[in-house]
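Let's take a relaxed walk through this model together. Keep the sequence and the 3D view open as you read.

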Amino acid sequence: MKEKIDKFVNDNYDKLIRIAQTKVSYFDRPTTAEAILNDAYLYIVKNPPEEVKDIPRYMVNYMNMELKFDKSVTTRRDRLNSREVLNINSSTEIDIDAIDLRDELNDFRKTLDRLNQIVWDVYSTKGKRKIKEIAEHFDINMSSAYQLRTIIISKLKEYYENQSRT
C-alpha cells in the first residue's frame, strides 16, 4: 500500500500543496503547507486506508483534523517551536524600550503606598496575575483579591494617563 500512497502523493503533489496552503490559511495556523502535508503522509503510511480510492480523502481529512483542533500534534508542535523562537530572541536581544519600561514601572511603584507596593510586586515581579493566585498568595478571599488587583490596575492606568499628558 505504501507504494500506492507514494505514487498518489508524487502524482498530485502540487494539488496537495495548494489544498494544504488553503487549509493552513483558513485555520490561521503557524505551520507550513509542506509540514502539514508531510504529517498527513506519515500518518497515512502508518495507518493506510483499506482501498486506494480512499487515499485522497484520508489525506485531506487528516489535514483538516490537525489544523482544526488546538490539541492536535501539529498545532502543539508549532506552538512549541514558536515559543522556542521567542525565547531565543528574548534571551539574545536587549530591548532599549524594555529598559525604559522598567524605569517607568519603578517610578510607578514609588508613587504607591506600602500596601499597594506589596500588591504590585506580587502582581508584576512574581507574575501572580490571576485572582486565585493573588488570593492564595495573600491568604485572602477571592473578592478581596479581585479588589486589590482592580485597585492596582486602575492606579497603573491613572499613572500612565498622567505620564502621557506630560
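## A first look

The chain has a mean pLDDT of 80, and 85% of its residues reach 70 or more; pLDDT is the predictor's confidence in each residue, from 0 to 100. This is a predicted model, where local features need pLDDT of at least 70, side-chain atom pairs count only at pLDDT 80 or more, and totals for chains, interfaces and linings use all residues. Residues are numbered from 1 along each chain as its sequence is written, and side-chain values use heavy atoms, with hydrogens and water left out.

One stretch deserves some caution: over residues 84-97 the pLDDT stays under 50, and the model has one contact beyond four places in sequence for them. Contact here means heavy atoms within 4.5 Å.

So what is the chain built from? You'll find nine helices and zero strands. Helices (H or I, at least four residues) and strands (E, at least two) are DSSP runs, numbered from the N terminus. Of the contacts in the chain with a separation of 6 or more, 51% are between residues 24 or more positions apart. Buried residues make up 25% of the 166 residues.

## Two helices that cross

How do α7 and α9 cross? The axes of α7 (residues 114-125) and α9 (residues 142-165) come within 10 Å and cross at roughly 90 degrees. Axes are lines fitted to C-alpha atoms, for helices over the stretch in contact, and angles run from 0 to 180 degrees between N-to-C directions. The two helices α7 and α9 are therefore roughly perpendicular to each other, a label for angles of 65 to 115 degrees. From α7, the contact uses N116, V119, W120 and Y123, while α9 brings L148, R149, I151, I152, I153, K155 and L156.

## Two residues to find

Now for a pair of residues, Y62 and D139. Buried means under 20% relative accessible area, exposed over 50%, and partly exposed in between (1.4 Å probe, protein chains only).

| Residue | Place | Relative accessible area |
|---|---|---|
| Y62 | helix α4 (residues 55-68) | 14%, buried |
| D139 | loop between α8 (131-138) and α9 | 70%, exposed |

Leaving aside neighbours within four places in sequence, Y62 touches D39, A40 and Y43, with which it is in contact. The C-alpha atoms of Y62 and I44 are separated by 8.5 Å, and these two residues are 18 residues apart along the chain.

What is the phi of D139? D139 has a positive phi of about 55 degrees, although D139 is not a glycine.

Conventions. Parallel < 35°, antiparallel > 145°, perpendicular 65-115°, else oblique.
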